[in-house]
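I opened the notebook to look up two things: the metal site and the nonpolar packing. Entries follow in the order I checked them.

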Amino acid sequence: LKVTILGAGSATPSLLRNPSAQLLTDDHESYLIDCGEGTQFQLLKLKAKTSRIKNIFITHLHGDHFFGLIGLISSFNLAHRTEPLTIFGPKGLDEIITLQLKYASTFLHFKLTFVEVNVKNNYNLIDNERITVSTIPLDHRIPCCGFLFSEKPKLRNLIKEKLPTSISINEMRLLKEGKNVFDIDNSIKYNFKTLTIEPSPAKKYAYCSDTAFLPKIVEIIDGSDALYHEATFTNELLDRANFTHHSTAAQAGEIAKLANVKKLLIGHFSSRYLDLDVNLKEAKSVFNNTEIAIEGGTYLI
Ligand SMILES: [Zn+2]
Ligand SMILES: [Zn+2]
């Protein structure tokens, strides 16, 4: 599991940073999280495979988190996309996008589905054999939630060179599940320990933007391998953070520490910060394993 940062700025436009968007990628697909203005150009620049994007998650309806959506959808259509696309977002998003498409007389070649997210509850939006995606209710000026991506335990990997040619698909399946295959006389025919190796561990990634300092999210994101937490301000502007329902770098560090995560990425920086040394230093003073979410950067979860 890895995440590529497409935008790590906040609402005021800046030449240094793009508004919020991230691409989370596993072996099977890519999940787009938030879609600020210009996200499609970031995807182009980074040569991202957009056909792998099947699900988009929008945290809230402030423009810096979804103004890129109509552009992206329109461009998918121009590129003759046929794969269905599902967009998870708060109440109102369906209406906004549908109205834009309607007055542009745009008829989509692909199936577009909106799933209205109840941002107040913590529940699963996706639950399949590979991953669960659940909501993280946040505290912002308008309804807003983050998203938690939790991989399911993976199957063991077969050591192809060691496999007998006569082995059946069912037998391979058992070995991948960590079970031995038995002969009719109950002796072990194939031992999973000698024919497979441990899979890579299942990972957990939490995305929390935008939010005031909210310690109660800790129980949801506890033990995540990586946490992206907004850090719009530094502590010097704590009053401003409280007033606008945003967090400071130190508060992001505090959440990471309380939740016992392995790594913290901070972003959603106010355009007033030109270089981010102070922001990083402040978060690190509370939680040492912190990194700045650098645009174009890819981080292994
Ligand atoms: Zn924002
Ligand atoms: Zn916001």
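These are my notes on a predicted model.

**Entry 1, zinc donors.** I looked up what coordinates the zinc ion (ligand 1). The donors are Asp64 (OD), His65 (NE2), Asp210 (OD) and His268 (NE2), at 2.1 to 2.2 Å. Along the chain I read their spacing as D-H-x144-D-x57-H.

**Entry 2, geometry.** I checked the angles next. The four donor atoms around the zinc ion (ligand 1) subtend 92 to 171°, so the arrangement is irregular. To count as tetrahedral, four donors need all angles between 85 and 135 degrees.

**Entry 3, the bridge.** Which residue bridges the zinc ion (ligand 1) and the zinc ion (ligand 2)? I found Asp210 there, with the two ions 3.4 Å apart. Asp210 sits in the loop between β14 (204-208) and α6 (218-221), while His268 sits in the loop between β16 (264-267) and α9 (277-286), 58 residues apart.

**Entry 4, burial of two donors.** I looked up accessibility for this pair. Asp210 has 2% relative accessibility, so it counts as buried. His268 is buried too, with a relative accessible area of 1%.

**Entry 5, nonpolar cores.** I turned to the packing. The largest nonpolar core has 29 residues, and Ile136, Cys208 and Leu264 are among those with the most contacts inside it. β14, α6, α8 (249-258) and β16 each give it two or more residues. α8 gives the most, with four. I then listed a second, separate core of 26 residues, including Ile33, Phe88, Phe149 and Tyr205.

**Entry 6, Ile136.** I pulled the contacts of Ile136, leaving out residues up to four places away in sequence. Among them are Phe147, Leu148, Tyr207, Cys208, Ile217 and Ile221.

Notes
Residues numbered from 1 in each chain as written. Chains lettered and ligands numbered in written order. Predicted model: local features only at pLDDT ≥ 70, side-chain atom pairs only at ≥ 80, totals over all residues. Heavy atoms only, no water. Donors = N, O, S within 2.8 Å, 3.2 Å for Na, K, Ca; no water. Tetrahedral: all angles 85-135°; square planar, octahedral: opposite > 155°, others 65-115°. Buried < 20%, exposed > 50% of the residue type's maximum accessible area, 1.4 Å probe, protein only. Core = buried A, V, L, I, M, F, W, Y, C linked by side-chain atoms within 4.5 Å. Contact = heavy atoms within 4.5 Å.
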